[in-house]
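Visitor: I've got a few things I'd like to go through with you, one at a time. Could you bring the structure up first?

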Amino acid sequence: MNNLEILFNLLIRPNYALKRTDKTLSLSIMVVIAALWSSTVGSYLIKGVSVNTSMFLFNIIVPIIVKLCLIIMLVSIWHFICESFKGEGKATELFPCICLSLLPYIFLAPMALILKFSGINVTFLWIFFNFLILVWVIALQISSLKIVYEINGPAATLTYFIPFAVVFVLSILILILVISFFFITASQALTPFLEL
Amino acid sequence: MNKERIISVLILIFFIISLIAASFLVLRVSEEKMARFPRELKGFSTFSQNIAIVNVYGPIEIESSNYLGFFPSGADYIVEELQNLRKNPDVKAVVLRINSPGGSVGAVQEIYSELLKLKQSGKKLVASQAEVSASGGYYLAAAADKIVSEPGAVTGSIGVIIPITNFEGLFGKIGVQVDVVKSGAHKDIGSSSRALTDEERKILQDMVDSAYQQFLDAVNKGRSSLMTEEKIKEVADGRIMTGAQAKEVGLVDELGDLDDAINIAAELAGIKKSDIRIFEEKKDWKKMLLQQIGSKTSNNPLSSFLPPRTGLLEYRWAPEY
């Protein structure tokens, strides 16, 4: 299966595309670049942000690097969790699948163009469309876990959300700690201001 | 497969064209905006900022007691800010936003000196009094070309204080005895373990009178166009007053809020209302975070229950004594 077929099948028959073992690393990285570029440009267009060339490139290149590092980190975590669920697979096979699953984001730039010139309620539609794309991407990523590690759907879903759940709980705990700390140490002056 | 190939090529072409078009539009929009404002710098636009707001909030000390000690956040910080503004050729006027009950004499005078230098450099200075601008806060306001106050702000309190707490009775009750070995009779002047002697009281009173005279001189210098020396002395007995009362006696020029102060500053500096651009110091998030942590950790949780600090010469409205 060539690259174009993989990309096409990823949109139409994702399970079929993800099962192909002839996925290439370069194609995966190109998809990440295209997806983030499209997403950034779409957001700028909708918000009406104006930037110069260097800032524009900076705001594309940095997220790409960050995203790739994040994917590597998440793939490692998912690999570890899948192994705990008795899944058998390789992180090196999961990585390209996760990268390719970002493909739906390429629709953000064309959508932004259409919304910008349509004159209809842009903000609501843009948010709704972003949400749909996000759900699509999550579904593709969960499918990737299922296919690569040969685990069932619920296990794949649990594996996918565990890292985010942990981060969420940690964030809440840190927030509670920080707020408590501020309340304990903050002191109000008791001088009688003139008050209305 | 041929059909799929054609569709996938079409999708790819559509995507590439959209991406290029959208990118072009984003950059093009940027160039159009820049063409309209030739003075804008490249990138996220910054206008030539001509009026700065400097905040003086809380008790005025040389630096706030900051466990981390990385960044000054008291008078030192304000002085540094004023020095930078003095050297900035774009800034034509400074609005000093004051919400302070005053502070130590040294710290207040540090800022006051810098304010005078700012005025000497040709920039206009307007003081905007918020909730409280008393004692040391008013000392700083007196340096301004104009003082704008909220009508209900607490101001005045022109005077000096040295708070000394005498724990002799308490120590006696709990069996604590303080012994002092000193090189001179007055080395432990203001000690909390005993009452002041008459001689010590005289020494401290002379200090207070000296600092008070400095305060009166500063107010005379700033308000001489509206108030006589006698009138100033009449209201400079430490009394507090509202902004409205202060305007009646001449300690304040106008009643209004921060916006009014900015408009007055613009008028003094010859800036049209439509050309007002507020100068904003570039925010360093690391500095702000450390200052926030420092300011929170510097407050002893028991400070509300412990007696206030003693022995410092202060221009401070201190109703807790």
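Visitor: Where is A:Lys86 found?
Guide: Bear in mind throughout that this is a predicted model. A:Lys86 caught my eye through its backbone: phi is positive, about 65 degrees, although the residue is not a glycine. Most residues other than glycine have a negative phi. As for its place in chain A, A:Lys86 is in the loop between H4 and H5.

Visitor: Is A:Lys86 buried or exposed?
Guide: Count the other C-beta atoms within 10 Å of A:Lys86 and you get 10. The cut-off for exposed is 12 or fewer. So A:Lys86 comes out as exposed.

Visitor: And B:Ser157, buried or exposed?
Guide: B:Ser157 also has a positive phi, near 55 degrees, in a residue other than glycine. This serine lies in a loop of chain B, between strand E6 (154–156) and helix H5 (168–174). With 27 other C-beta atoms within 10 Å, B:Ser157 is buried.

Visitor: Back to chain A: how do H5(A) and H7(A) run relative to each other?
Guide: Helix H5 (residues 91–100) and helix H7 (residues 122–149) of chain A have axes 9 Å apart and pack at an angle of about 155 degrees. Angles over 145 degrees count as roughly antiparallel. That makes H5(A), relative to H7(A), roughly antiparallel.

Visitor: What is the handedness of that H5(A) and H7(A) crossing?
Guide: Have a look at who is touching first: A:Glu93, A:Leu94, A:Cys97 and A:Ile98 come from H5(A), while A:Gln141, A:Ser144 and A:Val148 come from H7(A). By type, that contact has four nonpolar residues, two polar and one charged. The crossing itself is right-handed.

Visitor: How far does H7(A) reach from its first C-alpha to its last?
Guide: H7(A) has 28 residues, and at 1.5 Å a residue 40 Å is expected. Its buried residues include A:Trp126, A:Ile133 and A:Leu140. Just after the helix comes A:Glu150, with a positive phi near 55 degrees. End to end, the reach is close to expectation, at 40 Å.

Visitor: How does H3(A) sit against H4(A)?
Guide: Here helix H3 (residues 25–47) and helix H4 (residues 53–84) of chain A pack at about 130 degrees, their axes 9 Å apart. That angle isn't over 145 degrees, the cut-off for roughly antiparallel, and it's outside 65 to 115, the range for roughly perpendicular. So the relation of H3(A) to H4(A) is oblique.

Visitor: How do the residues of the contact of H3(A) with H4(A) divide?
Guide: H3(A) passes H4(A) in a right-handed crossing. On the H3(A) side you have A:Val32, A:Ile33, A:Leu36, A:Trp37 and A:Thr40, and on the H4(A) side A:Asn59, A:Ile60, A:Pro63, A:Ile64, A:Lys67 and A:Leu68. The division is eight nonpolar, two polar and one charged.

Visitor: Which residues does A:Ile60 touch, leaving out those up to four places away in sequence?
Guide: A:Ile60 lies in helix H4 of chain A and is partly exposed, with 17 other C-beta atoms within 10 Å. Between A:Ile60 and A:Trp37 there are 5.9 Å, C-alpha to C-alpha, though they sit 23 residues apart in sequence. With those sequence neighbours left out, A:Ile60 touches A:Leu36, A:Trp37 and A:Thr40.

Visitor: Over to chain B. How are H2(B) and H3(B) arranged?
Guide: The axes of helix H2 (residues 75–87) of chain B and H3(B) come within 9 Å and cross at roughly 5 degrees. Among the residues that meet are B:Ile78 and B:Leu82 in H2(B) and B:Ile111 and B:Leu115 in H3(B). The contact's residues divide into nine nonpolar, one polar and four charged. With angles under 35 degrees counting as such, H2(B) and H3(B) are roughly parallel.

Visitor: Which elements do the buried residues of H6(B) pack against?
Guide: Helix H6 (residues 198–223) of chain B has 26 residues that should span 38 Å at 1.5 Å a residue, and its end C-alpha atoms are 36 Å apart, which agrees. The buried ones are B:Ala211, B:Phe215, B:Ala218, B:Val219, B:Gly222 and B:Arg223. Their packing partners in chain B are helix H3 (105–120), helix H4 (136–141), helix H7 (229–235) and strand E10 (314–316).

Key:
Residues numbered from 1 in each chain as written. Chains lettered and ligands numbered in written order. Predicted model: local features only at pLDDT ≥ 70, side-chain atom pairs only at ≥ 80, totals over all residues. Axes fitted to C-alpha atoms, helices over the stretch in contact; angles between N-to-C directions. Helix = DSSP H or I, 4+ residues; strand = E, 2+ residues; numbered from the N terminus. Left-handed = near helix turned anticlockwise from the far one by under 90°. Contact = placed C-beta atoms within 7 Å. Nonpolar A, V, L, I, M, F, W, Y, C, P; charged D, E, K, R; others polar. Expected span 1.5 Å × (residues − 1). Buried ≥ 20, exposed ≤ 12 C-beta atoms within 10 Å, placed from the backbone.
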